[in-house]
Amino acid sequence: MTKMPETTFADLSLADKTSVKPNLEGRRFSDVSTCSFSSACFTESSEEDEVSPKDVVQRNSNGRSDFCIKNIGKAAFGRREIEIAEQEMPGIMTLRKRASEDKPLKNANIVGCTHINAQTAVLVETLIKLGASVRWAACNIYSTQNAVAAALAEAGVPIFAWRGETEEDFWWCLDKCIRSEGWQPNMILDDGGDATHLILKKYPDYFKAIKGIVEESLTGVHRLYQMSKAGKLTVPAMNVNDSVTKNKFDTYYTCRDSILDSLKRTTDIMFGGKQVVVCGYGDVGKGCAQALRGQGCIVYITEVDPICALQAAMDGYRVVRLPEVVRSVDVVVTATGNKNVVTRDHMNRMKNGCIVCNMGHSCSEIDVSSLHTPELTWERVRSQVDHIIWPDGKMIILLAEGRLVNLSCSTISSFVVSVASSTQALALIELYSAPGRYKSDVYLLPKKMDEYVASLHLSTFDAHLTELTDIQAKFLGVSKSGPFKANYYR
């Protein structure tokens with residue numbers, strides 16, 4: 001069992017956040033050429049970029065300054081983005097309406113460390129409506145929508161995040177989120193495990209008061225299971241990443257849509273006839289592979305798991321090892337959640353113009369640090385698009401410096417995020433409102449809740465469920481109202 005490293009605050013740099021800033025030389029394209037007009041890829045002026053938000057005291061219209069964001073003046077634009085997202089998030093909005101009077105999260109103090117976008121804002125404001133007090137930071141230095149962060153700050157949410165944070169900024173923001181006079185967290189909503197890690201290491205007394213942790217990413221879930229196996233997990237945790245609604249809907253459908261959006265916005269690529277290798281055939285890889293093949297790409301799959309490899313083969317993909325195709329492919333997409341899936345040796349052998357990007361949570365999938373060597377030249381050509389040039393003139397295109405390309409370079413579907421957000425909210429309610437029901441271990445969301453989340457979204461499609469008769473229910477050995485699947489069903 002790998003021991004969790006003992007670190008100082010200055011060195012609280014997990015692999016997921018490591019960022020080496022190269023000296024970039026290149027041209028700045030206009031915002032119009034870079035992306036559509038969206039806060040997901042809104043580019044601030046160069047004057048704003050030169051000033052760290054940490055060095056500026058801003059206040060919202062109520063005079064509050066308990067936040068640190070890029071520009072509070074963008075709040076109105078961010079509010080419109082949130083309102084648009086609300087229209088496409090029926091599940092979380094229905095949950096807000098049904099539970100707001102009961103206040104099931106009354107007196108819950110929630111630290112949130114997630115991507116900060118319009119969809120997350122809908123979740124944050126729902127938790128507040130359900131009675132919670134929240135403080136929020138970003139789990140990714142490039143995925144924050146600055147205008148949305150401004151809208152939350154204007155609404156009184158203590159939020160500490162901006163797009164383009166440094167590694168030091170990231171940990172500073174998370175620390176400010178956790179530590180506040182007269183306020184102590186008792187719940188954690190995490191995406192990647194960084195809030196859990198920081199509280200455990202720097203604020204062990206705070207960690208003792210935590211009633212529950214809700215984790216939505218594969219990377220964070222792995223860390224929780226490691227902590228549990230090592231006897232360091234002293235509070236109950238809910239693994240929503242492996243809930244049916246998260247895996248079958250949010251993970252798969254979000255990635256199926258956003259991989260195309262990310263590649264098109266950043267590179268203007270035409271997909272037809274391109275050779276693409278997708279590393280990993282889990283739910284993320286399945287979504288990416290299907291989308292790319294649907295656009296006419298020739299798709300290869302790499303896998304370590306024989307079950308997933310067999311699925312890929314029976315779905316009609318050729319399962320290969322990366323060295324077998326790395327010289328000929330046009331696009332490399334990582335989707336494993338692992339480390340060093342694409343190494344410097346692989347990138348040395350890629351052809352000129354090959355696009356390299358990551359759809360997995362951890363930025364360690366692509367060995368970006370190995371590209372920061374004197375013989376290679378980095379050229380920033382667009383926001384989140386770098387040309388890495390070899391001495392012989394060969395060039396590869398790296399997107400989002402190896403971080404999550406869909407949340408860094410595109411927008412994502414609000415509807416499928418509604419499914420994940422509803423799951424997260426219910427998991428928080430379950431852990432907070434049922435003290436003693438769960439021991440210090442990692443749990444899956446109860447199947448009844450999975451089915452409830454799905455039911456919240458059916459009306460959008462005018463879908464009508466068939467009801468079991470008494471005889472049918474007895475024959476199957478289930479209740480007429482569910483759950484219809486065993487807890488082990490995935």
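Two strands count as paired if DSSP finds at least two bridges between them. Helices (H or I, at least four residues) and strands (E, at least two) are DSSP runs, numbered from the N terminus. This is a predicted model, in which local features need pLDDT of at least 70 and side-chain atom pairs count only at pLDDT 80 or more, while totals for chains, interfaces and linings use all residues. Residues are numbered from 1 along each chain as its sequence is written, and side-chain values use heavy atoms, with hydrogens and water left out.

**Exercise 1. Find the hairpin that S13 and S14 form, and work out how the two strands pair.**

Step 1: locate the strands. S13 covers residues 385–389, and S14 covers residues 395–399.

Step 2: look at the link. There are 5 residues between the two strands, and Gly393 in the turn has a positive phi of about 95°.

Step 3: check the pairing. S13 and S14 run antiparallel over 5 bridges, with Asp386 opposite Leu398.

**Exercise 2. Decide whether the residues of S14 are buried or exposed.**

Step 1: recall the cut-offs. Buried means under 20% relative accessible area, exposed over 50%, and partly exposed in between (1.4 Å probe, protein chains only).

Step 2: count. In S14, 5 of 5 residues are buried.

Step 3: sort by direction. Met395, Ile397 and Leu399 point one way, Ile396 and Leu398 the other way, and all are buried.

**Exercise 3. Place Ile355 and list what Ile355 touches.**

Step 1: Ile355 sits in strand S11, residues 355–358. S11 pairs with S14 in the parallel sense over 2 bridges, and the bridge partner of Ile355 is Ile397.

Step 2: at a relative accessible area of 5%, Ile355 is buried.

Step 3: now the contacts, meaning heavy atoms within 4.5 Å. Skipping neighbours within four places in sequence, Ile355 touches Leu263, Thr267, Ile269, Asp330, Val331, Val332, Ile397 and Leu399. Take Thr267: 88 residues separate it from Ile355 in sequence, yet the C-alpha to C-alpha distance is 8.5 Å.

**Exercise 4. Put the strands of the two open sheets in order and find the edges.**

Step 1: one sheet has 8 strands in the order S9-S8-S7-S10-S11-S14-S13-S12, with mixed pairing. Its edge strands, S9 (318–319) and S12 (377–382), each pair on one side only.

Step 2: another has 7 strands, ordered S3-S2-S1-S4-S5-S6-S15, with parallel pairing. S3 (159–160) and S15 (442–444) each have a single partner strand, so one side of each is left without a neighbour in the sheet.

Step 3: pick a pair from each. S7 (275–279) and S10 (331–334) are parallel over 4 bridges, with Val276 opposite Val331. S4 (187–190) and S5 (212–215) are also parallel over 4 bridges, and Met187 has Gly212 as its bridge partner.

**Exercise 5. Describe how helices H4 and H17 pack.**

Step 1: axes are lines fitted to C-alpha atoms, for helices over the stretch in contact, and angles run from 0 to 180 degrees between N-to-C directions. H4 (90–99) and H17 (414–433) pack at about 40°, with axes 6 Å apart.

Step 2: Pro90, Gly91, Ile92 and Leu95 of H4 meet Phe415, Ser418, Ser421, Ser422, Ala425 and Leu426 of H17.

Step 3: classify them. Ala, Val, Leu, Ile, Met, Phe, Trp, Tyr, Cys and Pro count as nonpolar, Asp, Glu, Lys and Arg as charged, and the others, Gly among them, as polar. That gives 6 nonpolar, 4 polar and no charged residues in the contact of H4 with H17.
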